[in-house]
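Reader: I should like to learn how strand pairing and pockets are read from a model. Could we begin with the terms and then turn to the case at hand?

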Amino acid sequence: MAITALLALLLFSMPSHAQENRLPSIGGSGGGLIAGQQESDIGQQVMVSIRRSAPRISDPLVYDYLSAITYRLVPSAPLQNRDLTLALIDSPAINAFAVPGGIVGVNGGLFLNAATEQQFASVLAHELAHLSQRHFARRMEQQETSAPLTLAGMIAGIVLSAVTQSDIGLPPLPGPRRWPPRTCSPTAAPMNRKPTGSGWTFWPAPGWTLAACRKCLKSMRQNRMQGNRLPEYLSTHPLTQSRVADTRNRAEQYPDENIRDGQEYHLMRSRLQVHYAPSPDVAVETFEAYLDRPDAQRNDAIRYGLSVAYLEDRQYEKAVDILNDLLATNPGRITFQVTLAEVRLAQDRVDEARSILKDALARNPGNYPITHTLALTEIADGNGAAAAEHLKQLTRQLPGQEHLWLKLAEAEGMARNIVGVHRARAEYDVLMGDLESAQRQLRQAQEKLPAGAPQRQIVTERLAEITSRLHARANS
């Protein structure tokens, strides 16, 4: 596809033997206006706005894959802060973004439009380059010398860019057909953004090649626009003739290597193609038709997509048959085990779902998708205390995932642990930026605990933190 072909050079344009790569400093010193703690604060404000205004994909399988591939790139990126926060936006539009404070956002539509894992990874690499070059800080410095722009306005622009959904206007990709994207109306004009130099800074990521880039160069300019609308990502990452030529020249300096994509990317891509289908029966019809094509019977990603479509269409036993076949040739594959458990859970066969997941968890301790699905299974079976234990583990691993705190509050309520409900709700409120509500929840938890109890001390300390943040906000 056009845009990911352009960005592939971010990832693939250095020889595999390179030992050291430092991105040059581009466009100014950066950090003169914002740096350190202020960048972290900006990142927190942006995430609060995204949580409030952007639909999110909470699917643990997709999130786990996104996290794995992002952190596979991080060791090669010259980032000062490698503690990233990932935002997975529920939009079929092609878009990705990076925000100070280590925020990296990806639309679900990027999976639909990147035909290969290498193309997908190239876009992530480009966003990591934005973070490493601190382009936000540089832009703030430029704005200070040109037009006045408040920090609140900058944040609003970032969030708008993250949540804007637009028709993609790219040609259909190989595989099950891409369904028409949903649309929504932006509430404000996007922030004015100038091209940056990050597209021409490179670092190596072992195991990927230039092949994806070179195969797509031909269609780069042909497919950049449909009618009068430009894809959201291209509108903020301009594709000029000189950039195309430079990309082609750089790509031709390096030989192709025959490196296959990881299977997991294509499994997640199929899962999201079902998610964005207009209806489950359309998803079933499309994947069944695609499975009739030559050699498709050996394509696990297509078969998996059909099983997910059957699950959504409530054709449960058909889904089970496919998943059991996949597990016979891929024993222990987490994605197939979790999806099989999801089917059994949808059938109210809770004991079977629990057995599948406990066996999987014994081999993969702490795994997010397995643990999350097991927690849902315990909730479905009325075992709030067991579900709460699994969810507490997950909130320690992923404290910024607000939906986990809501599920924990539900599980604690089922277990009649009222203090636990208040504490979980307080953490959810903090992530949503409602510190007053978090303060009320913690005060209620404090009142229900006896003086001297260890848990009361924990609650009291957290309450003091929230109160201090409220005072700082009031005085700012």
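Author: Two strands are said to pair if DSSP finds at least two bridges between them. The model shown here is predicted.

Reader: Which residue in β3 is the bridge partner of V99?

Author: The bridge partner of V99 is I103 in β3. A96 likewise has a bridge partner in β3, namely V106. β2 and β3 (residues 103–107) pair over four bridges, in the antiparallel sense.

Reader: How many residues lie between the strands in the hairpin of β2 and β3?

Author: There are three residues between the strands of this hairpin, and G101 takes a positive phi near 90 degrees.

Reader: In what order do the strands of the open sheet run?

Author: The order is β1-β3-β2, three strands in an open sheet with mixed pairing. β1 and β2 (96–99) are the edge strands, each pairing on one side only. With direction ignored, neighbouring strands of the sheet are turned by 15 degrees against each other on average.

Reader: Which strands does α4 lie across?

Author: α4 lies across β1 and β3, and its direction is at about 135 degrees to β1.

Reader: Let us proceed to pockets. What is the general idea?

Author: Rolling a probe the size of a water molecule over the atoms shows where empty space is left. In this model, the largest pocket has a volume of about 1200 Å³.

Reader: Which elements give two or more residues to the lining of the largest pocket?

Author: They are α3 (37–53), α4 (60–73), β1 (85–89), α21 (418–431) and α23 (454–475). The largest share, 10 residues, comes from α3. The lining has 35 residues, of which S40, G43, Q44, R51 and R469 lie nearest the pocket's centre. The lining residues divide into 14 nonpolar, 13 polar and eight charged.

Reader: Why does the largest pocket lie between domain 1 and domain 2?

Author: The largest pocket lies between them because domain 1 (37–142 + 153–160 + 204–252) and domain 2 (417–475) both give residues to its lining.

Conventions:
Residues numbered from 1 in each chain as written. Predicted model: local features only at pLDDT ≥ 70, side-chain atom pairs only at ≥ 80, totals over all residues. Heavy atoms only, no water. 1 Å grid on protein atoms, 1.4 Å probe; cavity = no way out; pocket = protein on both sides within 12 Å on 5 of 7 lines; lining within 4 Å. Points joined across faces, edges and corners; volume = space filled by probe spheres on them. Nonpolar A, V, L, I, M, F, W, Y, C, P; charged D, E, K, R; others polar. Domains from an automatic or database assignment. Axes fitted to C-alpha atoms, helices over the stretch in contact; angles between N-to-C directions. Contact = heavy atoms within 4.5 Å.
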